[in-house]
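Trainee: I've got this one open on my screen and I'd like to talk it through. Can we start with one residue and work outwards?

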Amino acid sequence: MTDIASVTPALASGTHQPHDADDPFAIDPILVEVVRNGTIESVHHGRVAVTAPDGSLVRELGAVFAPMYPRSSSKPMQAVGMVRGGLDLPPDLLALVCASHSGEPFHVEGVRRILAGAGLSETDLQTPPDWPIDDEAAEGVIRAGGEKASITMNCSGKHAGMLVTAKLNGWPTDTYRDPDHPVQLAILQTIDDLAGEQASLPAIDGCGAPLYAVSLYGLARAFGRIAAATDGAEVKIAEAIRAHPENVSGTHRDELALHRAIPGLIGKAGAEAVYAVGLPDGTGIAIKISDGSPRARAAAMAATLRRLGYEHPTLDDQAATPVLGHGQPVGAIRPVAAAFERL
């Protein structure tokens, strides 16, 4: 079998830098390969940042200083901002504020509890109507004659938290998504603080909430800080995620399996194949797959954790997702060993 690193050694090592300033994707090494019947069928470039407990960058692959949108990996940082702004919820509901939930019945009921506690309802949500992410949950809604709804959209927990934070402070609730709204300004200040850099390139996320770019380095540093916190809003969020990881994702998700495999870990995946993890000693990890393919995300994170010395059957499983032929394994989606040896 031909190793992709031997075909493109500069790309696999991350040393190929023809357009670093203009095109950060050009220096992202190949992190994951898709192998079918012993032949490399596809490859996924990406970048990895690992920070020490003091926030310094200790390991890197690819363009870790380039601005990028964390997408839903921003949610734990956004939740810290809400708690700093006065949001006070039990841990299971705080975990939902951090969530890209699957829309399972317990997720939906939890979001309703968040809203009802402040005298709000799902009609106050400004998330775009959507089906649950979870296939079984979506089928259940359809069989019951339901439709796409704002509350089953995966970001409804975050939006509920924003609404309640606004209500508690006497701020307008109908404009809570406005970038100049006090809730959003508090969140932006928190992202700057946790990432240790100024967020940039304001945009709108898929759910309609404001979104800001940080470097992958900054994202890793933020997750390390949250994971190692011993007081303040950060520790409330870390403890909520650890206690209720099923609320942060869903009962059938790879993120939940990783939380259960590594004690003390907090993690959050985002759209366009972003994934950030904080370890209890304050180590932070952030990954971005260049082409945005989610199939490569878990394999890259598993390889990074194994490179840091972690061992667990879940990591082995996630580092070798089967490629199927007629329903039978004929290959795997796997990390490129040569790339992670240089991490």
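Trainee: Which residues is valine 235 in contact with, leaving aside its neighbours within four places in sequence?
Mentor: Keep in mind that this is a predicted model. Valine 235 is found in helix α10, which covers residues 232-243. Once the neighbours within four places are set aside, the contacts of valine 235 are Ala229 and Thr230.

Trainee: Is valine 235 buried or exposed?
Mentor: The cut-off for buried is under 20% relative accessible area. Valine 235 has a relative accessible area of 13%, so it counts as buried.

Trainee: What distance separates the C-alpha atoms of valine 235 and valine 64?
Mentor: Along the chain, these two valines are 171 residues apart. In space, the C-alpha atoms of valine 235 and valine 64 are separated by 26 Å.

Trainee: Okay, on to cysteine 98. Where does it lie, and what is its relative accessibility?
Mentor: Cysteine 98 lies in the loop between α4 (91-97) and α5 (105-116). Not counting residues up to four places away, it touches Lys75, Pro76, Ala79, Ile237, Ile241, Val248 and Lys268. Cysteine 98 counts as buried, and its relative accessibility is 0%.

Trainee: Which residue stands opposite valine 48 in β9?
Mentor: Strand β2 (residues 39-51) is joined to β9 by six bridges, and the two run antiparallel. Within β9, the residue opposite valine 48 is isoleucine 287.

Trainee: How many residues of strand β9 are buried?
Mentor: Take the faces in turn, since in a regular strand the side chains alternate between the two faces of the sheet. On one side of β9, Gly284, Ala286 and Lys288 are buried, and on the other Ile285, Ile287 and Ile289 are too. For the strand at residues 284-289, that makes six of its six residues.

Trainee: Which residue takes a positive phi in the hairpin of β8 and β9?
Mentor: β8 and β9 pair in the antiparallel sense over five bridges, and glycine 278 has glycine 284 in β9 as its bridge partner. The hairpin has five residues between the strands. The residue there with a positive phi, near 100 degrees, is glycine 282.

Trainee: Which residue has a positive phi of about 60 degrees although it is not a glycine?
Mentor: That one is worth a look, because most residues other than glycine have a negative phi. The residue sits in the loop between β7 (266-270) and β8 (274-278). At 40% relative accessibility it counts as partly exposed. It's glutamate 272.

Trainee: And histidine 326, in the loop between β10 and β11: is it buried or exposed?
Mentor: β10 (residues 321-325) and β11 (residues 328-335) pair in the antiparallel sense over five bridges, with glycine 325 bridged to glutamine 328 in β11. The two strands form a hairpin with two residues between them, and histidine 326 in the turn has a positive phi of about 55 degrees. The cut-off for exposed is over 50%. Histidine 326 is at 83% relative accessibility, so it counts as exposed.

Trainee: There's an open sheet of three strands as well. Which strands stand at the edges?
Mentor: The order is β4-β6-β5, with antiparallel pairing. β5 and β6 (residues 210-215) are joined over three bridges, and serine 200 has alanine 213 in β6 as its bridge partner. Each edge strand has a single partner strand, so one side of each is left without a neighbour in the sheet: these are β4 (67-68) and β5 (200-204).

Trainee: Let's zoom out. How many helices and strands are there, and what is the radius of gyration?
Mentor: The protein has 15 helices and eleven strands. The globule rule gives 20 Å for 343 residues, and the protein comes close to that, so it is as compact as a globular protein of that length; its radius of gyration is 20 Å.

Trainee: Last one: what share of the contacts with a separation of 6 or more comes from residues 24 or more positions apart?
Mentor: For background, 56% of the 343 residues count as buried. The C-alpha atoms fill a box of roughly 60 × 45 × 35 Å along the principal axes. As for those contacts, residues 24 or more positions apart account for 62%.

How values were computed: Residues numbered from 1 in each chain as written. Predicted model: local features only at pLDDT ≥ 70, side-chain atom pairs only at ≥ 80, totals over all residues. Heavy atoms only, no water. Helix = DSSP H or I, 4+ residues; strand = E, 2+ residues; numbered from the N terminus. Rg over C-alpha atoms; globule rule 2.2 N^0.38 Å. Buried < 20%, exposed > 50% of the residue type's maximum accessible area, 1.4 Å probe, protein only. Contact = heavy atoms within 4.5 Å. Pairing = 2+ DSSP bridges.
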